[in-house]
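Colleague: Please take a close look at the strands of this model, and then follow them out to the places where open space is lined. I would prefer one connected account to a list.

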Amino acid sequence: MTEDAFVTLTAGQSSLTLKPQTGGAIVDWSTDGVALLRPISDEALAAGNARKLGCFPLIPYSNRIANAQLSFLGQDYALRPDLQGEVHSIHGNGWYTPWRVAERDDQRLVLALDHLADSDRTIDWPFSYNARQTFELLPDGLAITLEIENRDSRPMPAGLGLHPYFRRSPQSQLSFSTGAVWLNGPDKLPTSLVPVPSGWSFAEPGSPDAVELDNCFAQWDGKVRITWPENHLALTMTASDIFQHLVVFTPAGKDFFCVEPVSHANGALALAATPGDHGARVLAPGDALTGTVRFQLDQLA
């Protein structure tokens, strides 16, 4: 497989295209010719940056680690700062590391990543791990299973998540139910957990244009509903129990919005060894963490 190779799955009128070498990212998911994810320019494809594509994995954690410094079990580790310019480390290293094709048929694909924390890669993540993404495409949906296994000799903090960029149109509607939301400071790190303000609630369907968010919601019930009335199309996303947090990103003036199922709150890996509802896990050597996100499509009347 060449560095620029794409892999495409097909099921009925649905197709899913991925670029394994670019962070194991999805480039396009379409059904009956209708794109579900944001449009990708030739320039974005050429950039080789998963964060400019349609969906990428959040492995071995979601969101930010403050100032690219991880403290865990009495040890301090320097991490690579964000490749796009922030002082924090962001979204782990899965999104900028090439993945390999482990299994493939017309409707199923398994991608694998083997991270060895040797002298050159410790700054990317100081613990060795193996990860897998399994994509199962159906004519009316998609399932993505994420797995990370600690292959180090030491306990490792870990989390999982998906970062899809859904296509945004003037008619798009979004709904989900959560119990609380983290407010952020100017450094984009969470400061306090509060009840969801009325203007931020999507318990009833609303436009992603209604409020500009880049926040982690807690006490999520594991379900999101998105509709594109102009295409008579709806998508229901459901996540397994490990994903109890939802990061919502609705930047103004963009052609996308993000609803990201994640296993832990933003910044929570700093608290992994501390009991709480933050969702961060500590994996003993040989232990694994896995979760599945399902996307079901249906036609609107």
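Modeller: A strand is here a DSSP run of E at least two residues long, and strands are numbered from the N terminus. The model is a predicted one. In these terms, Thr31 belongs to strand β3, which covers residues 25-31. The cut-off for a buried residue is under 20% relative accessible area, and Thr31, at 7% relative accessibility, therefore counts as buried. Leaving aside residues up to four places away in sequence, Thr31 touches Gln13, Ser14, Leu36, Pro139, Leu233 and Leu297.

One of these contacts, Leu297, leads to strand β26, which spans residues 288-299. Strand β26 runs antiparallel to β13, and nine bridges join the two. Within this pairing, Leu142 has Phe295 of β26 as its bridge partner. Strand β13 also pairs with β12 (residues 129-138), again antiparallel, through ten bridges. In that pairing, Asn130 stands opposite Glu149 of β13, and a hairpin of two residues connects β12 to β13. Strand β13 takes up residues 141-150, and because eight of its ten residues are buried, the rest of the structure largely encloses it.

Strand β23 offers another view of the interior, through Leu246, which is placed in that strand. With a relative accessibility of 0%, Leu246 falls under the cut-off and so counts as buried. Its contacts, not counting residues up to four places away in sequence, include Phe176, Asn215, Cys216, Phe217, Val224 and Met237. Among the others are Val259, Glu260, Pro261 and Val262. Trp220 is also touched by Leu246; the two residues are 26 apart in sequence, while their C-alpha atoms lie 6.6 Å from each other.

Strand β23 (245-249) also brings us to the largest pocket, since β23, β24 (256-262) and α1 (42-47) each supply at least two residues of its lining. The largest share, three residues, comes from α1. This pocket holds about 570 Å³ of space. It is lined by 27 residues, of which Arg51, Gln84, Tyr165, Phe249 and Phe256 are the closest to its centre. By class, the lining is made up of twelve charged, ten nonpolar and five polar residues.

Arg51 is also one of the residues touched by Asp82, together with His88, Ser89, Ile90 and Trp95, if residues up to four places away in sequence are not counted. Asp82 sits in the loop between β8 (75-78) and β9 (89-90). Despite this loop position, Asp82 counts as buried because its relative accessibility is 9%. Its side chain comes to 3.4 Å from the backbone nitrogen of Glu86.

The second largest pocket contains about 440 Å³ of space. Thirty residues line it, and those closest to its centre are Trp182, Ala265, Ala268, Leu271 and His278. Two or more lining residues come from each of β6 (64-65), β7 (69-72) and β19 (190-195), with β7 giving the most, three residues. The class composition of this lining is 15 nonpolar, twelve polar and three charged residues.

Conventions:
Residues numbered from 1 in each chain as written. Predicted model: local features only at pLDDT ≥ 70, side-chain atom pairs only at ≥ 80, totals over all residues. Heavy atoms only, no water. 1 Å grid on protein atoms, 1.4 Å probe; cavity = no way out; pocket = protein on both sides within 12 Å on 5 of 7 lines; lining within 4 Å. Points joined across faces, edges and corners; volume = space filled by probe spheres on them. Helix = DSSP H or I, 4+ residues; strand = E, 2+ residues; numbered from the N terminus. Nonpolar A, V, L, I, M, F, W, Y, C, P; charged D, E, K, R; others polar. Buried < 20%, exposed > 50% of the residue type's maximum accessible area, 1.4 Å probe, protein only. Pairing = 2+ DSSP bridges. Polar contact = N/O pair within 3.5 Å; in protein donor to acceptor, adjacent residues only side chain to side chain. Contact = heavy atoms within 4.5 Å.
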